[in-house]
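Visitor: Hi, could you walk me through this structure while I look at it? I'll just ask about things as they come up.

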Amino acid sequence: MKIKFAKPFFSNVEIAKLNKVAKQDILVHGNEVKNFEKNFSHFTDSKYSLATSSCTTALFMAYNFYNLKKNDEVIVPAQTHVATVQPIVFFGAKPVFIDSNIETGNIDENLIESKINKKTKGISIVHFLGYPANISKIKKICKKYKLFLIEDCALALGAKYKNQHVGTFGDFGCFSFYPVKHITTSEGGMLLTQNDSKNIYAKNFRALGVNREFHSRKIPGQYDVKSMGLNFRLNEFSSAIGNVQLKKINNILNLRKKNFNYLYEKIKKLNKFKLFNYEKDYTNSFYCLSIILPKTISRINLIKYLNSNNIQTSIYYPSIIPNFTYYKKMFNIDHKLYPNAHEISSRSIALPVGPHLNLKDMEYIYNTIKKYFN
Ligand SMILES: *Cc1c(COP(=O)(O)O)cnc(C)c1O
């Protein structure tokens with residue numbers, strides 16, 4: 001495939017860093033992870049950042065803070081990655097799905113309040129494809145009903161809402177460094193919080209509830225367990241790559257923006273697809289360009305055509321959550337309740353705009369799509 005949907009944006013610097021880490025005897029609990037957290041806090045202007053083994057484990061820790069139980073409810077977008085929702089079900093609570101705003105793909109904030117009742121404990125939002133959800137409105141709802149707010153920022157590194165980085169508005173913000181995301185550490189994630197006690201909770205939980213960090217044990221093996229915890233740490237290799245990647249983030253975001261804007265304008269003029277409307281004064285981190293096909297165009301045929309022309313595409317996300325088998329069996333919810341989310345998941349194609357591509361590639365993608373209609 002000539003044009004890949006995503007590709008790790010690595011150079012020799014990442015490789016040299018890996019070599020360096022391999023030669024030291026500290027592979028966890030070292031300076032690379034400490035620096036990665038410090039650098040991440042600096043970039044996002046967050047009070048605390050804790051590196052985790054994935055975004056999923058960051059989300060797990062965020063939900064776990066609230067002791068979710070049977071009959072508790074958490075409001076979530078119907079159209080998201082399953083990782084946003086799985087921990088809620090794992091803890092025995094019930095996800096309450098909300099349809100998307102068809103203009104942006106984000107959770108439709110106007111539909112949230114009607115779903116709130118005595119059982120509602122919190123709201124999770126996902127900044128869909130790097131475009132911030134309407135945070136002021138959602139925060140107001142959280143305040144009014146005393147609900148927690150978790151931000152899933154897996155596709156939104158670099159995204160800002162009114163000049164403040166996403167992930168710093170909620171009680172917790174969760175980021176992913178999975179290979180296709182804005183920066184990668186192979187597997188990896190980050191949990192943000194602005195609150196001292198939430199930070200202490202997560203720090204302890206991430207390290208098995210052990211009361212003393214490895215390097216602060218005067219006598220090796222001497223420690224106590226003061227709370228529940230699991231091992232959700234990020235290792236030194238991954239953190240080292242993360243540090244190199246983070247140095248490039250502004251460049252990565254600029255390249256994405258350039259590619260996105262170029263392709264967006266061209267495809268808009270083609271007048272064949274519905275595009276999201278990103279006109280508000282928010283900073284988009286341009287994860288991909290999602291095009292929504294009219295019913296007259298077969299998605300699978302267009303994907304196959306693009307693939308045969310060496311253009312790899314993706315789908316964000318291939319099903320609304322209630323339509324996945326596990327959720328269907330458990331909750332049996334009709335997808336017609338989420339017409340916008342269903343439209344996005346069943347009829348959109350995600351086109352690549354990553355930093356591994358340039359304007360020539362965008363021109364090629366555009367021309368290839370245009371030819372499809374001739
Ligand atoms: C990729 C993704 C995740 C999962 O991230 P991992 O690091 O693979 O656990 C969670 N939420 C969203 C919105 C994602 O896109």
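Visitor: Is Phe177 buried or exposed?

Guide: This is a predicted model, and in it Phe177 counts as buried, because its relative accessibility is 1%, and the cut-off for buried is under 20%.

Visitor: Okay, and what about Phe36, buried or exposed?

Guide: Phe36 counts as buried too, since its relative accessibility is 0%.

Visitor: How many aromatic pairs are there in the whole structure?

Guide: A search of the whole structure finds 38 aromatic pairs. One of them is formed by Phe36 and Phe177, whose rings are tilted, with 5.3 Å from centre to centre and 50° between the planes. Phe36 belongs to helix 2, while Phe177 sits in the loop between strand 8 (172–176) and strand 9 (189–193), so this pair ties together parts that are 141 residues apart in sequence.

Visitor: What can you tell me about Phe260 and Tyr278?

Guide: Phe260 and Tyr278 also make a tilted aromatic pair, with 5.9 Å between the centres and 45° between the planes. Here Phe260 comes from helix 8 and Tyr278 from the loop between strand 10 (274–275) and strand 11 (282–283), so the parts tied together are 18 residues apart in sequence. Both Phe260 and Tyr278 are buried.

Visitor: Changing topic, which residues are closest to the ligand?

Guide: The ligand is surrounded by 14 residues, and the closest are Thr56, Asp152, Ser176, Lys181 and Tyr317.

Visitor: Where are the polar atoms of Thr56 and Ser176 relative to the ligand?

Guide: In Thr56, a polar side-chain atom lies 2.5 Å from an oxygen atom of the ligand. For Ser176, a polar side-chain atom is 2.7 Å from an oxygen atom of the ligand. Cys55 approaches through its backbone instead, where an N or O atom lies 3.0 Å from a ligand oxygen atom. On its own the ligand has 390 Å² of accessible area, and the protein covers 94% of that.

Visitor: You listed Tyr317 there, so where in the chain does Tyr317 lie?

Guide: Tyr317 lies in the loop between helix 9 (299–308) and helix 10 (325–331). The peptide bond that joins Tyr316 and Tyr317 is cis, with omega at about -10°.

Visitor: Let's go to helix 7. How many residues does it have?

Guide: Helix 7 has 12 residues, running over 236–247, and its span from the first C-alpha to the last is 17 Å, which is close to the 16 Å expected at 1.5 Å a residue. Of those 12 residues, 10 are buried, so helix 7 is largely enclosed by the rest of the structure. Among the buried residues are Ile241, Val244 and Leu246, but also Glu236, Asn243 and Gln245.

Visitor: What covers those buried residues of helix 7?

Guide: The cover includes helix 1 (12–23), helix 2 (31–44) and helix 8 (249–270). At the N-terminal end of helix 7, Asn235 acts as a cap, with a side-chain oxygen 2.9 Å from the backbone nitrogen of Phe237.

Visitor: And which residues does Met61 touch?

Guide: Leaving out residues up to four places away in sequence, Met61 touches Thr52, Leu191, Tyr201, Ala202, Phe205, Arg206 and Phe232. Met61 is in helix 3 (residues 55–64), and at 0% relative accessibility it counts as buried. Although Met61 and Tyr201 are 140 residues apart in sequence, their C-alpha atoms are 9.0 Å apart in space.

Visitor: What about His165, buried or exposed?

Guide: His165 is buried, with a relative accessible area of 2%, and it lies in strand 7 (residues 164–165). A polar atom of the His165 side chain lies 2.8 Å from the backbone nitrogen of Gly158. Not counting residues up to four places away in sequence, His165 has contacts that include Phe43, Thr44 and Phe175.

Visitor: Last one: what is unusual to look at in the phi of Asn71?

Guide: The phi of Asn71 is near 80°, a positive value in a residue other than glycine. Asn71 is in the loop between helix 3 and strand 2 (73–77), and with a relative accessible area of 54% it is exposed. Ser186 is not a glycine either, and has a positive phi of about 75°. Ser186 is in the loop between strand 8 and strand 9, and is partly exposed, with a relative accessible area of 43%.

Key
Residues numbered from 1 in each chain as written. Predicted model: local features only at pLDDT ≥ 70, side-chain atom pairs only at ≥ 80, totals over all residues. Heavy atoms only, no water. Helix = DSSP H or I, 4+ residues; strand = E, 2+ residues; numbered from the N terminus. Expected span 1.5 Å × (residues − 1). Buried < 20%, exposed > 50% of the residue type's maximum accessible area, 1.4 Å probe, protein only. Contact = heavy atoms within 4.5 Å. Polar contact = N/O pair within 3.5 Å; in protein donor to acceptor, adjacent residues only side chain to side chain. Near = heavy atom within 4 Å. Areas by Shrake-Rupley, 256 points an atom, 1.4 Å probe, with all protein chains shown as cover. Phe/Tyr/Trp six-rings, centres within 6.5 Å; stacked < 30°, edge-to-face > 60°.
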